Amino acid sequence: MPVVIVSGTGTEIGKTVVTAAVAALALAGGRTVAVLKPAQTGVGPGEPGDTAEVTRLAGAVTAVELARFPEPLAPATAAARAALPPVRPEEIAEAAGKLATEHDLVLVEGAGGLLVRFDAAGGTLADAARLLGAPVLVVAPAGLGTLNATALTTEALRARGLDALGVVIGAWPAAPDLAARCNLADLPDVAGAPLLGAIPEGAGALGPADFRAGAGGWLAPALGGDWSAGRFAATFAPGPGAVPGRSRA
Ligand SMILES: Nc1ncnc2c1ncn2[C@@H]1O[C@H](COP(=O)(O)OP(=O)(O)OP(=O)(O)O)[C@@H](O)[C@H]1O
Ligand SMILES: [Mg+2]
């Protein structure tokens, strides 16, 4: 599994934090890691982007950006408005493939959700995944609304012949509500892919030592940790549902 695409249901859902946790565990296991952010938007020259955040949290990874566009927009739109060349899926695949010859693991973090466009021809991260033959890790929110967005994402993967490695919850709340608790059982079901972890809310604000010490408890063995979906779901299993018309008195 040298190249893994880290995508998800949208923006600001924890892709960078999940990428950092996967990278931290790989580094702890003695593997070399590269992190590729093909298009970094919403960040000016010299400002830290997502790969800087992964480096801060995870440690010594090779961090690569192919392009940076200042406006916080989809890469295709941001590139056009900046009159800069866009990043094409072929370039993403080529860069990731080259990094894979030099590293044990290459994590490619998309921009926003899976079908966000990178160029005017409609190229997406899914096209890069197909060119690479790489599996896609789907990062998803914990609460209400995540089932539909996650199902749409994995359906789009399947429609393109792509492999959904699994789903990771980007930010698991300290006080999960009923929807989040029920989603632990429903997410893997609607996704047709296993739940491979849940990053606690607030983890992205931890210092590097605490983040690296915690990562193994947030991700499943498939991603290098010892998190168990069954144990986690049992811990947070909701009580019996309300039955209409029946008194609980
Ligand atoms: N588990 C978490 N703990 C703390 N903060 C988090 C967590 N998950 C996400 N965040 C915060 O939420 C914001 C968005 O998270 P993140 O940058 O990982 O999202 P993203 O999916 O990578 O977004 P983008 O599409 O912009 O790359 C960040 O400010 C991040 O610090
Ligand atoms: Mg990010």
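**Sheet and core of the predicted model**

Apart from its neighbours within four places in sequence, leucine 137 is in contact (heavy atoms within 4.5 Å) with Val4, Ile5, Val6, Ser7, Val18, Val22, Leu165, Gly166, Val168, Leu196 and Leu223. The model is predicted, so that local features need pLDDT of at least 70 and side-chain atom pairs count only at pLDDT 80 or more, while totals for chains, interfaces and linings use all residues. Residues are numbered from 1 along each chain as its sequence is written, and side-chain values use heavy atoms, with hydrogens and water left out.

An open sheet is formed by 7 strands (DSSP E runs of at least two residues, numbered from the N terminus) in the order E3-E2-E4-E1-E5-E6-E7, with parallel pairing, where two strands pair if DSSP finds at least two bridges between them. Strand E3 (62–69) and E7 each have a single partner strand and stand at the edges, so one side of each lacks a neighbour in the sheet.

Strand E1 (residues 3–8) and strand E5 (residues 136–140) run parallel and are joined by 4 bridges, with isoleucine 5 opposite valine 136 in E5. Strand E6 (residues 164–172) likewise pairs with E7 in the parallel sense over 4 bridges, and valine 167 stands opposite leucine 195 in E7. Of the 6 residues of strand E7 (residues 195–200), 5 are buried (under 20% relative accessible area, 1.4 Å probe, protein chains only), so this strand is largely enclosed by the rest of the structure.

Note on methods:
Chains are lettered from A and ligands numbered from 1 in the order in which they are written. Buried means under 20% relative accessible area, exposed over 50%, partly exposed in between (1.4 Å probe, protein chains only).
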